[in-house]
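Open your viewer and get ready to click through a few stops. At each one there is something to select and a short note on what is there.

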Amino acid sequence: MVLAMSPAQAADIPAPGEISKSGNVEHVLNVPRPAELTGIHTDMAFQGDYAYVGNYNGFSIYDIRKPRKTSLVSSVICPGGQMDVAVYGNLLFGAVDSSRSDDSCNSTGQSAATKESWEGVRIFDISDKKNPRYVKAVETNCGSHTLTLVPGKGRDRRNVYVYVSSYGPSGSFPDCQPPHDKISIIKVPLRAPAEAAVVATPVLFPDGGNPGENLPYPYRTSATTGCHDITAYPEKNIAAGACMGEGVLMDISNPVEPKVTTTVRDDENFAFWHSATFNNRGTKVVFTDELGGGSGATCNEATGPTRGANAYYDIVRGKLEFRSYFKIARHQADTENCVAHNGSLIPVKGKDIMVQAWYQGGVSVVDFTDSAKPQEIGYFERGPDNTAPALSGGIWSAYYYNGYVYGSDFNLGLDVLRIDDPRTNPARGVRFDILNAQTQGSYRERGH
């Protein structure tokens with residue numbers, strides 16, 4: 001049967017570089033990756049008329065005031081993967097989970113077994129978009145794989161807090177010792193960012209978290225040794241953590257003392273809890289599973305529809321109740337890395353709709369208003385990326401911002417998309433001044 005089905009599946013896979021999309025999605029343009037940034041593109045953030053795109057070798061700033069004429073403003077060369085970015089005011093924060101010889105932009109890779117090695121968070125002043133200025137580096141335990149901004153409130157509004165997610169401890173790493181059941185919290189005075197410093201390292205898993213299951217791929221469940229990603233919803237004083245072996249909800253009413261209020265595990269289908277997204281009302285969480293670490297061909301018949309997928313949970317009386325899985329149905333080639341990855345809400349009143357990246361599976365738009373029956377309503381993808389080695393391409397993040405969808409492609413640059421559909425078009429009337437996907441803000445709901 002495998003041999004009989006293979007030709008049909010191959011016929012459904014676009015040719016290398018060929019675009020395939022639903023009729024309601026327009027590919028507006030592609031802005032190639034800057035030549036000077038030789039690493040892959042990673043995460044994105046938005047503020048005003050600008051998009052900020054991370055890269056393993058630094059970051060770029062794009063002018064998006066006219067999305068159909070999106071253009072590069074500047075690039076900063078500052079190696080240190082994976083350079084997830086977030087912006088706030090005149091500051092850009094970059095996550096460095098690559099052990100470096102020092103904290104400078106001239107650093108080189110150096111083993112974490114060397115005590116003097118550095119990894120953590122870099123802070124840049126972006127008030128001059130053409131000439132960003134490096135302000136401060138803050139070292140954190142086990143580096144910073146991802147980061148999440150939590151703005152201070154009330155009398156504390158002149159500060160912003162950075163939740164640093166990291167993992168991968170080892171007894172041979174002086175600054176990343178097991179057990180690593182915690183996160184680091186950096187306090188950044190907005191008027192004096194050079195004074196930024198770690199102010200807390202709360203332990204989220206005093207019992208050690210999920211011990212994991214060392215089974216053959218794809219059945220392995222990761223042990224919890226920290227978090228991969230945290231999404232905060234500051235207006236509601238809550239956060240959701242994707243913490244390797246489990247998903248968690250947190251109370252962040254005191255930003256330096258987050259408290260885990262409930263946890264959930266899925267040792268049957270989830271290998272690595274990767275990211276989290278709330279719906280607008282804060283009554284649901286979409287968790288993603290990064291099966292294969294982002295370098296596996298998991299969107300195929302052999303892997304099936306429930307591994308490397310999204311999992312939808314309703315928040316009921318403070319607990320996470322599972323509702324369903326969703327995974328793109330389009331099978332990808334064995335050379336294509338494909339797995340549920342980063343996305344954000346499309347702000348449609350009365351609906352829960354999300355746009356999301358799937359690496360070489362492209363971009364998917366999913367309506368999960370009924371969290372038990374999520375449905376794809378649009379997509380965009382390319383055939384296998386033959387500009388790079390196998391299993392090393394695709395779209396890292398796909399976010400909706402002020403009428404357009406932006407996708408950061410590993411190797412091919414920044415894609416600009418537009419969806420034209422009665423189910424999503426109401427979102428065009430919703431405007432944001434800022435978008436950090438890991439710091440959710442609300443949009444006005446019907447009747448509120």
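Helices (H or I, at least four residues) and strands (E, at least two) are DSSP runs, numbered from the N terminus. Residue numbers start from 1 along each chain as its sequence is written, and side-chain values use heavy atoms, with hydrogens and water left out. You are looking at a predicted model: local features need pLDDT of at least 70 and side-chain atom pairs count only at pLDDT 80 or more, while totals for chains, interfaces and linings use all residues.

**Stop one: L190**

Select L190, in the loop between β13 (184-189) and β14 (197-200). Is L190 buried or exposed? For these words, buried means under 20% relative accessible area, exposed means over 50%, and partly exposed is in between (1.4 Å probe, protein chains only). L190 comes out as partly exposed, because its relative accessibility is 27%.

Now show what L190 touches, where contact means heavy atoms within 4.5 Å. Leaving out residues up to four places away in sequence, you should find Y88, L91, R157, R158, N159 and V160. For a sense of scale, add E18: its C-alpha is 45 Å from that of L190, and the two are 172 residues apart in sequence.

**Stop two: an open sheet**

Next, colour the strands β6, β5, β4, β3 and β30. They make up an open sheet of 5 strands in the order β6-β5-β4-β3-β30, with antiparallel pairing. The edges are β6 (71-77) and β30 (434-435), each of which pairs on one side only. Two strands count as paired if DSSP finds at least two bridges between them. Strands of a sheet pair through backbone hydrogen bonds, either parallel or antiparallel.

Zoom in on β3 (residues 41-47). Towards β30, β3 has 2 bridges and runs antiparallel; look for F46 opposite L435. With β4 (residues 50-55), β3 pairs in the antiparallel sense over 5 bridges, and there H41 has N55 as its bridge partner. β3 and β4 form a hairpin with 2 residues between them, and G48 in that turn has a positive phi of about 60°. Turn on the surface and β3 is largely enclosed by the rest of the structure, because 7 of its 7 residues are buried.

**Stop three: T148**

Move to strand β11 (residues 146-151) and pick T148. This residue counts as buried because its relative accessible area is 0%. The T148 side chain reaches the backbone oxygen of I230 at 2.4 Å. Beyond residues up to four places away in sequence, T148 touches Y161, V162, Y163, D229, I230, A232, Q438 and T439.

**Stop four: S275**

Jump to S275 in strand β19 (residues 273-278). S275 is buried, because its relative accessibility is 9%. Which side chains does the side chain of S275 meet in a polar contact? A polar contact is a pair of N or O atoms within 3.5 Å; within protein, one must be able to donate a hydrogen and the other to accept it, and residues adjacent in sequence count only if both atoms are side-chain atoms. The side chain of H274 is one partner, at 3.3 Å, and the side chain of T288 is another, at 2.6 Å. Setting aside neighbours within four places in sequence, S275 is in contact with D229, A242, V286, F287, T288, H341 and N342.

**Stop five: the largest pocket**

A pocket is an open set of points on a 1 Å grid over the protein atoms alone, with protein on both sides within 12 Å along at least five of seven lines; lining residues have an atom within 4 Å of a point. Grid points are joined across faces, edges and corners, and a volume is the space filled by probe spheres set on the points.

The largest pocket holds about 430 Å³ of space. Of its 23 lining residues, select I434, L435, T439, Q440 and G441, the closest to the centre. The elements giving two or more residues to this lining are β11, β23 (343-346) and β30, and β23 supplies the largest share, 3 residues.

Methods: On a 1 Å grid over the protein atoms alone, a cavity is a set of points where a 1.4 Å probe fits but cannot get out, and a pocket is an open set with protein on both sides within 12 Å along at least five of seven lines; lining residues have an atom within 4 Å of a point.
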